[in-house]
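Me: Got a minute to go through this structure with me? I'd like to talk about pockets and then charged pairs.

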Amino acid sequence: MTTDVKYNEYAKELLEQLPKGAFLTVKAGDKLNTMTIGWGAPAFIWQKPIFLVLVRYSRYTYQLLEQAREFTVSIPINKDMKKALAFCGTKSGREVDKFKEANLTAEPAKVVNTPIIGECDLHYECKVVYQQAMEPAILADHIKTSAYPKGDYHVMYFGEIVACYKKE
């Protein structure tokens, strides 16, 4: 059973869990992948609730997101999912079925075609309304050094939150 919630109702729980990991899932055609994210942000931009996610060009998820133009973010709040998060953050969906290997369930989302992670409690369904490639020339040097030593920059995706709910 799910309960619709406001996008910011569980902001505290989301922002406490995000540095520990959350699942960013994308489905393009018959290709499905999830990856672990530790960065992102709920926001209110353009009179819309937005979820900002960052995806490196080198990631399989980037390829899928460019096609799908939508994503889900699934947050484990009440369940320890450290092993699955670690696995999905270190393996590529190009080479392995993360859902099978990490024992994750792809459950249908309410609005978008990309599924949610069934084992998680809090879910955001998003449709991309804007994206921006990072501009290394205007990024603070200390962030370049710490986050991008190999020059593998992110694309920032702004997803309009079209559904947000908590599983009971």
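Me: How much space lies in the largest pocket?

Reply: About 350 Å³. Keep in mind that this is a predicted model.

Me: Noted. Which residues lie nearest its centre?

Reply: Met 35, Thr 36, Arg 56, Arg 59 and Gly 89. The lining of the largest pocket has 22 residues in total.

Me: And which element gives the most to that lining?

Reply: That's E3, with four residues. Strand E3 covers 31-37, and E5, helix H2 (60-68) and helix H3 (82-90) also supply at least two residues each to the lining of the largest pocket.

Me: What's the lining like by class?

Reply: For the largest pocket, ten polar, seven nonpolar and five charged residues.

Me: OK, switching to charged pairs. How many salt bridges does a search of the whole structure find?

Reply: Six. One of them joins the side chains of Asp 4 and Lys 110, at 2.6 Å from N to O.

Me: Where do those two sit in the chain?

Reply: Asp 4 is in strand E1 (residues 2-4), while Lys 110 is in the loop between strand E7 (106-107) and strand E8 (116-117). They're 106 residues apart, so the pair links distant parts of the chain.

Me: Is Asp 4 buried or exposed?

Reply: Exposed, at 57% relative accessible area. Its partner Lys 110 is partly exposed, at 42%.

Me: Give me another pair. What does Glu 160 meet in a salt bridge?

Reply: Lys 48, with 3.9 Å from N to O. Glu 160 lies in strand E10 (residues 154-167) and Lys 48 in strand E5 (residues 48-56), so this pair ties together parts that are 112 residues apart in sequence.

Me: 3.9 Å, hmm. Why does that still count?

Reply: Because the cut-off for a salt bridge is within 4 Å, from a side-chain nitrogen of Lys or Arg to a carboxyl oxygen of Asp or Glu. As for exposure, Glu 160 is partly exposed at 22%, and Lys 48 is partly exposed at 30%.

Me: Does E10 turn up again, and if so, which of its residues is in a pair?

Reply: Lys 167 is in strand E10, and its partner Glu 107 is in strand E7, 60 residues apart. Their side chains meet in a salt bridge at 2.9 Å, N to O.

Me: Is Lys 167 buried or exposed?

Reply: Buried, because its relative accessibility is 17% and the cut-off for buried is under 20%. Glu 107 is partly exposed, with a relative accessible area of 26%.

Notes. Residues numbered from 1 in each chain as written. Predicted model: local features only at pLDDT ≥ 70, side-chain atom pairs only at ≥ 80, totals over all residues. Heavy atoms only, no water. Buried < 20%, exposed > 50% of the residue type's maximum accessible area, 1.4 Å probe, protein only. 1 Å grid on protein atoms, 1.4 Å probe; cavity = no way out; pocket = protein on both sides within 12 Å on 5 of 7 lines; lining within 4 Å. Points joined across faces, edges and corners; volume = space filled by probe spheres on them. Nonpolar A, V, L, I, M, F, W, Y, C, P; charged D, E, K, R; others polar.
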